[in-house]
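Biologist: I am new to this structure and would like to learn how to read it. Could you take me through it step by step?

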Amino acid sequence: MSIASFPEGFVWGVSTSAFQIEGATSADGRGPAIWDAFSADRAEACDHYHRYPEDVQLMKDLGMAAYRFSVSWARVFPEGAGKANPAGLDFYDRLLDELLAAGITPYATLYHWDLPQALEDAGGWPSRDTARHFADYAAAVCERLGDRVDTWFTLNEPWVAAFLGYGSGIHAPGRKSAAEAFKSAHHMLLAHGLGAQALRSAGAAKVGAVLNISPVMTPAQVSDFGRELSEEDAEAVARIDALVNRQFLDPMLRGEYPADLLPIIERSAGLNHIQEGDLETIAQPIDLLGINYYTPSVVQAQPSEPADPAFPGSEGILFCTIPTAVTAMGWPIVPNCLSLLLRRISREYPDIELMITENGADFVDVVTGDGIHDMERISFIEEHLRALRSAIADGARVRGYLVWTLLDNLEWADGYQRKFGLVHVDFGTQRRRMKDSALWYRDVIRRNGLVETRPKRPTLETVAARARVSRATVSRVVNGEASVSPDVRATVMRVVQELGYVPNAAARSLVTRRTNTIALVLSVPRHGGDPLTAAVVQYVTSMLEGAGKQITLMLADTAESHRRIVQHVEARLVDGVVLLPPDRADTLAERLSRTGVPIVLLGKPAIASLVPYVDVDNAGGAAAATEHLLALGRRHLGMICGPMDLVAVQDRLAGHRAALQRAGLQPLLALADLTRPSGAAATRRLLGDDPALDAVFAATDQLAIGALRAAREAGRRVPEDLAIVGFDDIDAASATTPGLTTVRVPVADQALALARLLLSRLEGRHTTSVVLPTRLVVRDSA
Ligand code: FCB
């Protein structure tokens, strides 16, 4: 057996983080942290706080040389600053002793996103004080534990903590401000510098930081790195690279911000928070840079694109979906990008020693009687290790590799549904079970390398043999043919899952006939029986059935149902998918589009992609409604907005704002959910805010009907005192007194356009999104 070896002394191990595994969030005086309240899930996690001896034993059994964990700041300083809590430090003291006794080298991260709530309440990372408190915390921890830790990492992935925590708000603490995100990023860098100084004074052996580095490229470059770019695309790539990568690399390793980033920071946040001397502090010499790599960022120039809130300053850049294999998280699997990025870092920052501090994958695991056969995870890690080895051969100075992660855990905003562990955790019983990937990794560690021949992926033949059926039968099941009996289908599907078999093109083409089935995937309507959804189901069904297709209705209401739907589509049990309405920023649309099966969406998705959709001109309709009110001489306009995470609501607000701006007026807004009572309540608030209010534009008819009621109760005549306009033209709109002026969205046209779009996609024709015009319907209310 020939071995592709790694350098002698190469460090193998795993990484974890405190909040994701420890649980025990109020044990022994731990204070609250920002993720406690933000996470919708039980914080018990893996109960590692109590079960750490078992977890260390697992690592020992697997032959791990290194373990990177993080310290919970709120255990050490329950109030973030001030009085330390010795009992919190005791836990890490026990853990370190246990690790050393097992022969495992500890690497400790001081900040893996779990800021003490008290510090968030005092201003959080946008406040400079947080960086100073961090340095005190670093000193206290190092004084107590420094004698046993090999390397201290100050921060984990500051880009994520700053821009998802304070920019897009999808991570704790959930703030949404570009200015705060940039300030947070700077203060995290400062915390790193001050922390590194504090660690050195407290006698730390080695100091480093961990960054998420994501190679940035266009879709065409994914398969051809050397590809020449247009000037616009090159600019888009450079801008995202500055935001994600160089914003942190350059200050830490060169003592300067990238010149092309400063104007972007200045536009959102000014530059006053970057004080004299900060950059020298940030650029403390470090011994090791930890790199977390999962997937590249794929972008291209697209002039009309608004900025993505996680990337303030990214106007005119589209984040693209690419047709590659993906993990269950929807992240494209591109192992070569790991070598690409290591070569780049080694070239541009030649002095720094590197370690891969996280790399791994979320895949759907199936627990069977004889184990968890997670072939996909093994292939993922193996392919990345091959890429790593080739970068090392080219001279990259990489000291070690840590898998993310030891245990299935609490994956931040995604909760327990994500499975990144080498070890499976049953969260009902806390039982740990090694997956095949754990045993495979143990062998890699033992031989310090990979076997030259790749482990064989299960083939069609393996499935056929285990299920005791013919290859053609397997192929028929994979292709969703109706001619297979339900029993046989169930057996084959079970074996497919057990083996982690991924059907390839050959299996699919054994039987070429199409399934002639279309999946119509419905999310649960946010509010009661949504008439648009009902109409679309009716029209799409009759039109596609007319074209000889069968329709399978699938309800996407839970994470589990999302998983099943993706599997169903991946197994090619349908020819196409109509998804409606993807109103929340979830990844179902993205995951479905990556299966390669044609998909169309109702409504513009929250995350821009190349998937075609049908929408109505929400902004244009709202502008027309607003202009109508202005033309009636109204000058005191209020708008009732629905939930702002609905893309349609965002667009309606944008149209309203634009029309007001043209008239030189300021918007007056009230937020509501989607119900009539909340429309009424919002109207009362608007009347309170501006007693001269003479017009209301509501984002939906339901809200407008609530407004009519509130106007009546407040003794205002409609339209004389208060003109009211709605949006959607639902049936009830013509039956109100007075009749409601509203914006009509073409329900049937949307449905027909959706069906047509899908049919063209099925025929392989080029398709683009469709935006249908809306029309103002004037009745008596305005
Ligand atoms: C990284 C985080 C880690 C985990 C993995 C999947 O960004 O550092 O905690 O969430 O992603």
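Biologist: Let me start with the ligand. Which residues surround the ligand?

Modeller: A good habit is to list the neighbours before looking at single atoms. Keep in mind that this is a predicted model. Around the ligand you find Q20, H112, W113, N156, E157, N292, Y294, E358, W404, E411, W412 and F420.

Biologist: Which side chains place an N or O atom 3.0 Å, 2.5 Å or 2.9 Å from an oxygen atom of the ligand?

Modeller: Here we look at pairs of polar atoms. For N156, a side-chain N or O atom is 3.0 Å from a ligand oxygen. The side chain of E157 has such an atom at 2.5 Å from an oxygen of the ligand, and for the side chain of E411 the distance is 2.9 Å. Of the 290 Å² that the ligand exposes when taken alone, the protein buries 95%.

Biologist: Now the strands. In what order do the 8 strands close into a barrel?

Modeller: To read a barrel, go from each strand to its partner until you are back at the start. In this model the order is β2-β3-β4-β5-β6-β8-β11-β14, with parallel pairing. From one strand to the next, the twist averages 25°.

Biologist: How many bridges join β2 to β3?

Modeller: Strand β2, residues 11–15, and strand β3, residues 66–70, run parallel and are joined by 3 bridges. In β3, Y67 is the residue that stands opposite V14.

Biologist: Which strands does helix α15 lie across?

Modeller: For a helix on strands, check what it crosses and then the angle. Helix α15, residues 375–393, lies across β2, β11 and β14, and runs at about 170° to β14.

Biologist: Is I291 buried or exposed?

Modeller: Residues under 20% relative accessible area count as buried. I291 has a value of 0%, so I291 is buried. This residue belongs to strand β8, residues 288–292. Among the residues that I291 touches beyond four places in sequence are L211, I213, L354 and E358. I291 and L354 are 63 residues apart along the chain, yet their C-alpha atoms are separated by 7.1 Å.

Biologist: And where does H656 lie?

Modeller: H656 is part of helix α25, residues 647–662. Its relative accessible area is 0%, so H656 is buried too. Setting aside residues up to four places away in sequence, H656 touches A622, A623, T626, L637, M639 and F697.

Methods:
Residues are numbered from 1 along each chain as its sequence is written. This is a predicted model: local features need pLDDT of at least 70, side-chain atom pairs count only at pLDDT 80 or more; totals for chains, interfaces and linings use all residues. Side-chain values use heavy atoms; hydrogens and water are left out. Two strands pair if DSSP finds at least two bridges between them. Helices (H or I, at least four residues) and strands (E, at least two) are DSSP runs, numbered from the N terminus. Axes are lines fitted to C-alpha atoms, for helices over the stretch in contact, and angles run from 0 to 180 degrees between N-to-C directions. Contact means heavy atoms within 4.5 Å. Buried means under 20% relative accessible area, exposed over 50%, partly exposed in between (1.4 Å probe, protein chains only). A residue is near a molecule or strand if one of its heavy atoms lies within 4 Å of it. A polar contact is a pair of N or O atoms within 3.5 Å; within protein, one must be able to donate a hydrogen and the other to accept it, and residues adjacent in sequence count only if both atoms are side-chain atoms. Accessible areas come from the Shrake-Rupley method with a 1.4 Å probe; for residues, only the protein chains shown count as cover.
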